[in-house]
Structure formats: structure tokens, C-alpha cells
Amino acid sequence: MEQFSVVSGSPAQTALIGGALAERLRPGDIVLLNGDLAAGKTTFVKAVAEALGSTDPVTSPTFALAQFYSARSRILHVDSYRLADVEEYRDLGLAEYQDEVISLIEWGDKIAGEFPCHLSISFVATDETDGRTLTFASSCDRWTGALGDLHAAISKDTNGAHASDRIVVD
């Protein structure tokens with residue numbers, strides 16, 4: 001597993017981080033977003049969608065479970081918070097779209113076993129009011145080779161604003 005963590009001090013910095021990831025996303029990519037309520041997952045999805053050219057309103061799909069957004073590459077935004085298990089996710093029939101969309105899945109740990117190749121992003125609040133530590137991790141070929149480049153881009157795009165930047169290879 002390869003991973004790195006960055007610290008965002010504000011929603012604006014989180015948006016910059018999302019924009020850096022968006023430049024590297026392509027149809028078929030699965031990004032699992034994990035963290036407590038109000039950790040910044042939906043803010044991150046909004047930033048990715050905007051960076052991909054979407055003008056659609058982005059809201060948490062907690063009750064709708066899934067939403068599609070038009071962009072340069074179509075986006076599928078899923079919230080698995082209310083799902084009991086992987087079987088409920090399968091019953092939604094969203095797998096048929098996965099190869100043609102970028103999938104951003106909040107509470108992704110609940111259904112991670114469904115995706116052998118995915119990028120996981122964990123959001124953890126820091127002691128700062130709007131601070132978050134975002135940890136990017138993956139063990140599949142699609143992402144392990146790209147994480148170093150993504151880390152460098154995030155640091156560049158945010159002007160090195162992350163005092164706690166570190167890259168860790170497990």
C-alpha cells in the first residue's frame with residue numbers, strides 16, 4: 001500500500017486538493033471518500049466536479065444515494081452511509097456505469113470490497129477549526145505509480161501550504 005497525507009487548513013485548500021486530483025481522473029476511476037460527518041467529503045466532491053467542468057449543483061446524496069453530474073467526464077456521486085451492506089449497493093445497479101464514469105463514493109469503506117482497484121481518501125479533522133488531514137492511499141497499479149505525482153501536484157497547486165506534508169510508502 002502506498003499512501004501520503006496532506007493537511008488542508010480551509011475549505012478553499014480542500015478545493016485546491018480536489019482540483020489537483022481531478023486533473024488525473026479518468027472514466028473508470030473509483031475514489032472512496034471516508035471520514036466522519038462534516039469531515040469535508042462533499043466539499044471535496046464539489047471541488048472535483050467543478051474542476052472537471054461541471055456546473056451541476058453538488059449536494060450530498062445521503063437520501064438519494066446516488067447522483068450523476070455532467071462534466072468533461074461524467075461523474076457518479078454515491079453516498080453509502082445509509083446502505084446496510086455491499087448487497088444493497090449491488091441492488092442499486094450502479095456497477096453498469098462504472099467503466100464510463102468517474103465514481104466518487106462517500107463512506108466508501110462500507111463497500112470497498114466491491115472495488116479491487118480504487119483510490120481511498122480519508123478525511124480527519126485537525127485541531128484547527130477548518131483543518132483536515134487527507135490521506136490518499138491505494139495498493140492497485142492504477143494509483144500506486146501516480147501517488148507521488150499527485151502529491152507533488154497538490155503541494156505545487158497549494159503553494160506548499162501544507163506544513164505537515166509527508167509521503168509514506170508502506
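This report describes the strands, helices, ring contacts and charge pairs of a predicted model.

## Strand β4 and its partners

Strand β4, which covers residues 75–79, has five of its five residues buried, so this strand is largely enclosed by the rest of the structure. The burial holds for both faces of β4, since I75, H77 and D79 on one side and L76 and V78 on the other are all buried.

The pairing of β4 involves two neighbouring strands. With β3, the sense is antiparallel and the pairing extends over four bridges, the two strands forming a hairpin that leaves five residues between them; within this pairing, F68 has L76 of β4 as its bridge partner. With β5, by contrast, β4 runs parallel, and five bridges join the two strands, H77 standing opposite L104 in β5. Taken together, β4, α3 and β5 make up a β-α-β unit that is right-handed.

## Helix α2 and residue T42

Helix α2 spans residues 41–51 and includes T42. The buried residues of α2 are K41, T42, F44, V45, A47, V48 and A49. Just after this helix, G53 adopts a positive phi of about 90 degrees.

For T42, the relative accessibility is 17%, and this residue therefore counts as buried, the cut-off being under 20%. When neighbours within four places in sequence are left aside, T42 is in contact with T59, S60, H77 and E106. One of these contacts, H77, is itself among the buried residues of β4.

## Positive phi outside glycine

Most residues other than glycine have a negative phi. Two residues of this model are therefore worth listing here, L65 with a positive phi of about 75 degrees although it is not a glycine, and W107, also not a glycine, with a positive phi of about 60 degrees.

Both residues are found in loops: L65 in the loop between α2 and β3, the latter covering residues 66–69, and W107 in the loop between β5 (102–106) and β6 (119–125). L65 is buried, with a relative accessible area of 15%, and W107 likewise counts as buried, at 18% relative accessibility. The ring of W107 also has a charged neighbour, as K41 lies over its face at 4.4 Å from the ring centre.

## Aromatic pairs

The structure holds five aromatic pairs. One of them is formed by F4 and F136, whose rings are stacked with 4.9 Å centre to centre and 10 degrees between the planes. This pair links distant parts of the chain, with F4 in strand β1 (residues 2–8) and F136 in strand β7 (residues 132–138), 132 residues apart. Both F4 and F136 are buried.

Another pair, F68 with Y97, is edge-to-face, at 5.0 Å centre to centre and with 70 degrees between the planes. This pair, too, links distant parts of the chain, as F68 belongs to strand β3 and Y97 to the loop between α3 (86–91) and β5, 29 residues apart. F68 counts as partly exposed at 28% relative accessibility, and Y97 is partly exposed with a relative accessible area of 26%.

## Salt bridges

Side chains of opposite charge can pair when their charged atoms come close. The structure holds five salt bridges. In one of them the side chains of D29 and R142 meet at 2.7 Å, N to O. D29 lies in the loop between α1 (11–22) and β2 (30–35), while R142 lies in helix α4 (residues 141–144), so the pair ties together parts that are 113 residues apart in sequence. Both D29 and R142 are buried, and R142 also lies over the face of W143, at 4.1 Å from the ring centre.

R90 takes part in a salt bridge with E87, at 2.5 Å from N to O, and in another with E114, where the closest N and O atoms are 2.8 Å apart. The pair of R90 and E114 links distant parts of the chain, from helix α3 to the loop between β5 and β6, 24 residues apart. R90 and E87, on the other hand, both lie in helix α3, three residues apart, about one turn of the helix. R90 is partly exposed, with a relative accessible area of 43%; E87 counts as partly exposed at 43% relative accessibility, and E114 does so at 24%. Elsewhere, salt bridges that share partners join E23, R24 and D149 into one network.

Methods
Residues are numbered from 1 along each chain as its sequence is written. This is a predicted model: local features need pLDDT of at least 70, side-chain atom pairs count only at pLDDT 80 or more; totals for chains, interfaces and linings use all residues. Side-chain values use heavy atoms; hydrogens and water are left out. Buried means under 20% relative accessible area, exposed over 50%, partly exposed in between (1.4 Å probe, protein chains only). Contact means heavy atoms within 4.5 Å. Rings of Phe, Tyr and Trp (its six-membered ring) pair if their centres lie within 6.5 Å; planes under 30 degrees apart count as stacked, over 60 as edge-to-face and the rest as tilted. A charge sits over a ring if NZ of Lys or CZ of Arg is within 6 Å of the ring centre and within 35 degrees of the ring normal. Two strands pair if DSSP finds at least two bridges between them. A crossover is right-handed if, with the strands pointing away from the viewer, the path from the first strand over the helix to the second runs clockwise. A salt bridge is a side-chain nitrogen of Lys or Arg within 4 Å of a carboxyl oxygen of Asp or Glu.
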